[in-house]
Amino acid sequence: MKDLNQLIEVTYPYNSLKDIRTQGTTVTASFEQELFDASQVEGITLAEAGRHIAILGSLAVANINPVKNKHFYLASKATLKRVHSRPCTSTSYRGIMNAIDFNKKCGMAEGAIHDSEGKILYTAEVQYSVLTVQLFERFFRKYKSTEFRANGFSPYGDVVKLYDMNLCVETSSASLGEVKPEWCVGHFDEYPALPVAQISQGLMNLAAAQNRLIKNKDNQFCIKEVNMDAESFIFAGQNLSFKSEYDTNNDYFKTKAYTEEVADAVSLDCWMY
């Protein structure tokens with residue numbers, strides 16, 4: 001059987017999974033925490049957890065795909081939950097994802113992230129759109145670029161920076177500006193697209209800033225749960241904006257990332273502890 005990493009289109013440094021193992025429809029892997037954000041409760045952030053678990057789930061779906069050629073497994077919908085708000089001192093984690101559905105165009109996997117003591121910190125369910133390499137290249141050929149090479153540099157240990165932030169109780173906004181290819185390394189080679197995990201990090205940080213304004217608190221925040229819906233890629237060269245609306249009745253934030261061309265590229269409903 002092929003190395004599972006050869007069946008997906010995300011590469012290092014975005015894909016940093018190690019010790020990948022399979023058993024039936026289940027795939028497990030280890031990874032190290034890369035982002036340390038002092039504004040959040042200790043432990044791997046939900047955004048980074050989503051990055052690793054989505055890649056692991058794509059490996060699980062690729063594992064049950066009978067066509068053992070490289071495909072794009074694109075996380076289109078996801079639900080991630082942190083099981084508690086207590087600080088977690090682990091920096092090493094192990095993920096487990098079980099492929100529960102697959103057809104020619106889509107797949108689904110579910111699982112969890114365990115800390116170094118084997119305790120569950122996050123649970124996840126991820127849906128994927130599946131595209132052949134040929135189909136992906138046909139759809140997105142105008143975004144192909146071979147100008148940037150990573151040279152081993154990883155941007156994924158840096159907090160996503162927000163600009164032009166405008167905070168209000170009801171609705172807040174911010175901008176990421178023009179997406180740079182160096183923000184997208186490993187996702188994807190020759191088609192640099194900003195990972196949904198990075199977009200989600202920006203959306204969660206905007207919601208957290210809005211939450212601090214609403215609750216009049218300046219303490220560390222902890223994301224309890226997110227529901228993500230990705231409808232479109234954000235490729236290098238596009239300008240990305242964020243919006244967050246607070247639902248007072250249900251105490252959650254309805255956020256979205258958008259461009260001039262796409263009104264709802266990524267939508268994220270976010271609950272805080």
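## A walk through the fold

Let's start at the end of a helix: H3 is followed by Asn216, whose phi is positive, near 55 degrees. Before going on, keep in mind that everything here comes from a predicted model.

Now look back along H3 itself, which covers residues 196-215. How far apart are the end C-alpha atoms of H3? They are separated by 28 Å, and with 20 residues at 1.5 Å a residue the helix should span 28 Å, so the two values agree. If you're new to helices, here's a handy thing to remember while you turn the model around. An α-helix has 3.6 residues a turn, so residues three or four places apart point the same way. As for its surroundings, 15 of the 20 residues of H3 are buried, so this helix is largely enclosed by the rest of the structure.

Next, go to the loop that comes between strand E8 (171-178) and H3, where you'll find Phe188. Its ring pairs with the ring of Phe136: the centres are 5.6 Å apart and the planes sit at 75 degrees. Why is this pair called edge-to-face? Planes over 60 degrees apart get that label, and 75 degrees qualifies, so edge-to-face it is. Phe136 belongs to helix H2, so the pair ties together parts of the chain that are 52 residues apart in sequence. Are these two rings buried or exposed? Phe136 is buried, with a relative accessible area of 0%, and Phe188 counts as buried too, at 6%. Both rings also belong to a wider cluster, linked by ring pairs, whose other members are Phe72, Phe139, Phe140, Tyr143, Tyr191, Phe233 and Phe235. Across the whole model, the count of aromatic pairs comes to 16.

Let's move to the strands. E8 runs antiparallel to E10, and seven bridges join them; across this pairing, Ala174 stands opposite Phe242 of E10. On to E10 itself, residues 239-247, which is also joined by seven bridges to strand E11 (residues 252-258), again antiparallel. Two of the partners here are easy to pick out: Ser244 has Thr255 of E11 as its bridge partner, and Asp247 has Tyr252. Four residues lie between the strands in this hairpin, and Asp251 takes a positive phi near 55 degrees there.

While you're at E10, check where its side chains go. In a regular strand the side chains alternate between the two faces of the sheet. Which residues of E10 point to the buried face? They are Leu240, Phe242, Ser244 and Tyr246, while Asn239, Ser241, Lys243, Glu245 and Asp247 point to the other face and are not buried.

One more strand to add: E12 (residues 266-272) pairs with E11 in the antiparallel sense, over five bridges. In that pairing, Ala257 has Val266 of E12 as its bridge partner.

Back to aromatic rings for a moment. At 13% relative accessibility, Tyr252 counts as buried, whereas Trp271, at 23%, counts as partly exposed. Tyr252 and Trp271 form a stacked aromatic pair, with 4.9 Å from centre to centre and 15 degrees between the planes. Tyr252 sits in E11 and Trp271 in E12, so to speak a link between distant parts of the chain, 19 residues apart. Further along, Lys256 lies over the face of Tyr258, at 5.4 Å from the ring centre.

Now for a serine in a loop. Where is Ser154? Its place is between helix H2 (133-140) and strand E7 (163-166). The side chain of Ser154 makes a polar contact with the side chain of Glu34, at 2.5 Å. A polar atom of that serine side chain also lies 3.3 Å from the backbone nitrogen of Tyr156. If you leave aside its neighbours within four places in sequence, Ser154 is in contact with Pro13 and Glu34.

Our last stop is Phe36, in the loop between strand E2 (26-32) and helix H1 (46-64). Phe36 counts as exposed, with 55% relative accessibility. Its C-alpha atom is separated by 32 Å from that of Val130, a residue 94 places away along the chain.

Note on methods:
Residues numbered from 1 in each chain as written. Predicted model: local features only at pLDDT ≥ 70, side-chain atom pairs only at ≥ 80, totals over all residues. Heavy atoms only, no water. Polar contact = N/O pair within 3.5 Å; in protein donor to acceptor, adjacent residues only side chain to side chain. Contact = heavy atoms within 4.5 Å. Pairing = 2+ DSSP bridges. Phe/Tyr/Trp six-rings, centres within 6.5 Å; stacked < 30°, edge-to-face > 60°. Buried < 20%, exposed > 50% of the residue type's maximum accessible area, 1.4 Å probe, protein only. Lys NZ or Arg CZ within 6 Å of the ring centre and 35° of its normal. Expected span 1.5 Å × (residues − 1).
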